[in-house]
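Me: Please take me through this one. I would like to know what each label rests on.

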Amino acid sequence: MTAIELRSVTKAFADVTAVHDLDLTVEDGEVYGFLGPNGAGKSTTIDMLLDLVRPTTGTVRVLGADVAADGVEIRRRTGVLPDGFSVYNRLSGRKHVEFAVESKDADDDPDALLDRVGLDGDGDRSAGEYSKGMRQRLALAMALVGDPDLLILDEPSSGLDPAGAKEMREIVRTEADRGATVFFSSHLLGQVDAVCDRVGILRDGELVAEDSVEGLREAVGGEETLEVAAAGADDDAVAAVRALAGVSGVTRDGDDLVVNCASDAKTDVIAALEDAGVAVDDFHTREASLEDLFLAYTEGDAAERDGGVPDSAPDAADDDPVTEEVDR
Amino acid sequence: MSLAAIARKDFQETVRSRGMIALVALFSLLVAAFAYAVRPTGGNEQFATEVLLSVFIGPVLVTTLVPLVGVVVGYNAVSGERESGSLKLLLSLPHSRADVVFGKVVGRGAALALAVFAGFLLPALVLMVAPVVFNAGAFLGYTVFAAALGVVFVAISVGCSAASSTQRRTLIGGVAIYVLFVILWSTLTGRLVGAASPLVDALPVSATQLRVFLQVSNPTTAVEALSNAFLGQQLFSGETANQQLSAAAMLVFWTLAPPLAGLLKFDADDL
């Protein structure tokens, strides 16, 4: 069964088209990371899953049912951590969870749920006194009520410190192991690759990439980035390196060189530099990261170039020289 | 049940609202002071409770302050949650938008009814110690009518709130409800009947009948008519029985129609 199915969904607001002809499928039991920069249309998409916002065209099905017709029944089996929500300031944390339990006809123990999200001991305080992170935890506790088949988490780590974000990931993992489908959005890739089976990258309301984390890694893989502190490097030295087999690009910023090359070309690069009379003070390599790919998709023009997974390290934004290719 | 869950949630929230507690305390003090000030000094016992309520406290305090509390309790019920974002939390749970609107009418209406009963406690004590026979039945009965008046205004305000997409409209709506029903109704409807007199002549009712109908169409007047009949021990009987029936019908109408109309708009909106 498919947990989430969007077919040709477009949402046009008066001044902007937030989502454009989006097709998206999330299978049962998957952990799906929905990525994109702020304003890409992630929240609008999630709002359509919850029937808060109605699509202009297209169909939205969740847990096999149409959200417009069976919204209440769907939400009975879904746990939601919304983005940009606020709590009921005058009600205690425990009252919030009790309300969710009552609303879902569940039989969870509110205190056990508060415990689980790290709010043990805070249940009697009114939620208006909670910090941003505590509110986020409270909403997560409400989302976990009734062991939902589907968890929809919109920017779940916002407001959480690194330890809190880690606990959030652990809870996502536990829920997935229980068999729940998890769909969550983030504008930060680092929170996603550790827990996701698959990620989709949304940009300007369109899905520009969708793959497993491994698949995305492969797309950027095969190349390494070599960063060299090379005092006295001149244009000739750069040209010499560029001429080497296996080198796909070189950028120079003062005495620092960034070389994109095949893994086995690294020693040639260092040797060529030394032959050109450059003192190599220090160098290190790193794999092109998913972050680079993410930035390329969301800020650069990789998506427009070939409309899918790029065949080599994609162009990155100007402020990210690591993967920038000067010459090919 | 979904509606009941929202009603309970809103009830708990509303009874913790400082604004409402302050208004009810003010109301209670004013009624008590009034009861003390106009307490009968003669030996006419029948004068006591009924006349005090129908002649003094009713027109001066209940029909002005209770609608005010009702509007304050209801005007921001839906739009406030929409503005703050707690509506997202609410609609993440398995509630329909109809559950939200009517759950709020029930929950906040119940909170207001409780507040009215609480507000009449202090005056009741004053009347008990005042040198008159205190008619507890009449007093309690009157409290029920006052609470009903408040509930109707909660319903109207919640309906208006459901239809408001901005804070500005919400505020305008709340003020407009109060001004229309409490201050301007008889002037406006009088003008209306006057202006439409050729049309009225064509109807199979007299202008007077129409005026009476429009009068009891106002929930404030309707409750006044019913409570006065009750205090005169002529509830749904006597000369004005028909008028009382239309008054009661109009109260039901005002309790249901505004939330329904608000829901129509609310249900169609992107939130």
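Me: Start with residues 170–188 of chain B. What are they, helix or strand?
Reply: Over residues 170–188 of chain B, the chain is 100% helix and 0% strand. The C-alpha atoms at the two ends are 23 Å apart. A helix here is a DSSP run of H or I with at least four residues, and a strand is a run of E with at least two; both are numbered from the N terminus. This is a predicted model: local features need pLDDT of at least 70, side-chain atom pairs count only at pLDDT 80 or more, and totals for chains, interfaces and linings use all residues. Residues are numbered from 1 along each chain as its sequence is written, while chains are lettered from A and ligands numbered from 1 in the order in which they are written.

Me: Where does the label "transmembrane region" in chain B come from?
Reply: It comes from UniProt, in an unreviewed entry. The annotation covers six stretches of chain B, including 139–158 and 170–188. UniProt positions are in the numbering used here, feature names are shortened, and annotations may be inferred rather than shown by experiment. In the model, residues 139–158 of chain B are 100% helix and 0% strand, with end C-alpha atoms 29 Å apart.

Me: Why is Ser186(B) called partly exposed?
Reply: Ser186(B) sits in helix H9 (residues 167–195) of chain B. Count the other C-beta atoms, placed from the backbone, within 10 Å of a residue's own: 20 or more is buried, 12 or fewer is exposed, in between is partly exposed. Ser186(B) has 14, so it is partly exposed. Thr221(B) is 35 residues away from Ser186(B) in sequence, with 9.5 Å between their C-alpha atoms.

Me: Why does Ala143(A) count as buried?
Reply: Ala143(A) has 26 C-beta neighbours inside 10 Å. The cut-off is met, so Ala143(A) is buried. It lies in helix H5 (residues 132–144) of chain A.

Me: What makes Gly79(A) a contact of Ala143(A)?
Reply: Two residues are in contact if their C-beta atoms, placed from the backbone, lie within 7 Å. Leaving aside neighbours within four places in sequence, Ala143(A) is in contact with Gly79(A), Val80(A), Leu81(A) and Leu151(A). Asp235(A) lies elsewhere: 92 residues from Ala143(A) in sequence and 59 Å in space, C-alpha to C-alpha.

Me: How do you know that E9(A) and E10(A) pair?
Reply: Two strands pair if DSSP finds at least two bridges between them. E9(A) (residues 198–203) and E10(A) (residues 206–212) have six bridges, in the antiparallel sense. One of the bridge partners is Glu210(A) in E10(A), for Gly200(A). The hairpin of E9(A) and E10(A) has two residues between the strands, and Asp204(A) takes a positive phi near 45° there.

Me: What joins E3(A) to E9(A)?
Reply: Four bridges do, and these strands run parallel. Gly33(A) stands opposite Val199(A) in E9(A).

Me: What makes one side of H9(A) the buried side?
Reply: In helix H9 (residues 266–275) of chain A, Val269(A), Ala272(A) and Leu273(A) are buried. They cover an arc of only 100° around the axis, so they are on the same side of H9(A). The arc is that of the directions from the helix axis to the C-beta atoms. An α-helix has 3.6 residues a turn, so residues three or four places apart point the same way. The face turned away carries the exposed residues Thr267(A) and Asp275(A).

Me: Why is Asp105(A) called exposed?
Reply: Asp105(A) has 12 other C-beta atoms within 10 Å, so it is exposed. It is found in the loop between helix H3 (93–103) and helix H4 (110–116) of chain A. Its phi is positive, near 55°, and it is not glycine.

Me: And why is Asp21(A) called partly exposed?
Reply: Asp21(A) has 15 other C-beta atoms within 10 Å, so it falls in between. It belongs to strand E2 (residues 17–27) of chain A. Asp21(A) also has a positive phi, about 45°, although it is not a glycine.

Me: What is the confidence across chain A?
Reply: pLDDT is the predictor's confidence in each residue, from 0 to 100. Chain A averages 83, and 85% of its residues score at least 70. Over residues 301–328 of chain A, the pLDDT is below 50.
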